[in-house]
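Thanks for coming, everyone. I would like to walk through one protein with you this morning, going slowly and keeping to what the model shows.

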Amino acid sequence: MNDSRIPETVLKAISEETHIVRAYREHLGYSIEDLAIACGLATEEIENIESGRRYNKGYRNRIARSLSLPAGTFDELSEVSDAA
């Protein structure tokens, strides 16, 4: 992934071991509830994702779209893997 397109605040949060979804969510000013509503997931699902649980590509793309990020934003990152 080309790090130059990732905002500095997101890169900093990731370097401090914040999950990338949480880093982007907080950078953009979304609460967990806001993101859950925007992408149609339960708040518990967002919390699980941000705590490092595995989730599928459909969720990754829904979250990316809800944060106005390009589809595939989370695909290249190893900690965001497909659900088993």
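Before I point at anything, one definition: a helix here is a DSSP run of H or I with at least four residues, and helices are numbered from the N terminus. With that in hand, we can place a residue that comes just after helix α4, namely Gly52, which takes a positive phi of about 105 degrees. Please keep in mind throughout that what you see is a predicted model.

Let me now give the overall plan. The protein has five helices and zero strands, and from the N terminus on its elements run α-α-α-α-α. Of its 84 residues, 35% are buried. If we take the contacts with a separation of 6 or more, 45% of them are between residues 24 or more positions apart.

I will start with the pair formed by helices α1 and α2. Helix α1 covers residues 8-15, and it packs with α2 at an angle of about 145 degrees, the two axes being 9 Å apart. The crossing in which α1 passes α2 is right-handed. On the α1 side the residues that meet α2 are Thr9, Val10, Ala13 and Ile14, while on the α2 side they are Ile20, Ala23, Tyr24 and His27. The residues of this contact divide into six nonpolar, two polar and no charged.

Staying with α2, which of its residues are buried? They are Ile20, Val21, Ala23, Tyr24 and Arg25, and the buried residues of this helix pack against α1, α3, α4 and α5. After α2 comes Gly29, whose phi is positive, near 80 degrees.

Tyr24 deserves a second look. Counting aromatic pairs gives one, and that pair is Tyr24 with Phe74, arranged edge-to-face, with 6.1 Å centre to centre and 70 degrees between the planes. Because Tyr24 lies in helix α2, residues 20-27, and Phe74 lies in the segment after α5, the pair ties together parts that are 50 residues apart in sequence. Are these two residues buried or exposed? Both Tyr24 and Phe74 are buried, and for Phe74 the relative accessibility is 1%. Phe74 can also be placed relative to Ile63, which is 11 residues away along the chain, since we can give the separation of their C-alpha atoms as 9.1 Å.

Next, helix α4, which spans residues 43-50 and in which Ile46, Ile49 and Glu50 are buried. Seen down the axis of α4, its buried residues fall within an arc of 95 degrees, and so they line one face of the helix. As for what that face meets, the buried residues of α4 pack against α2, α3 and α5, with α3 running over residues 32-39.

Finally, let me turn to Ser66, which lies in helix α5. Why does Ser66 count as buried? Its relative accessible area is 12%, and buried means under 20%, so Ser66 falls within that class. Setting aside its neighbours within four places in sequence, Ser66 is in contact with Tyr30, Leu35, Ala38 and Cys39.

To gather this up, I would leave you with two places to revisit in the model: the edge-to-face pair of Tyr24 and Phe74, and the face of α4 that its buried residues line. I am happy to take questions.

How values were computed
Residues numbered from 1 in each chain as written. Predicted model: local features only at pLDDT ≥ 70, side-chain atom pairs only at ≥ 80, totals over all residues. Heavy atoms only, no water. Phe/Tyr/Trp six-rings, centres within 6.5 Å; stacked < 30°, edge-to-face > 60°. Helix = DSSP H or I, 4+ residues; strand = E, 2+ residues; numbered from the N terminus. Buried < 20%, exposed > 50% of the residue type's maximum accessible area, 1.4 Å probe, protein only. Arc of directions from axis to C-beta. Contact = heavy atoms within 4.5 Å. Axes fitted to C-alpha atoms, helices over the stretch in contact; angles between N-to-C directions. Left-handed = near helix turned anticlockwise from the far one by under 90°. Nonpolar A, V, L, I, M, F, W, Y, C, P; charged D, E, K, R; others polar.
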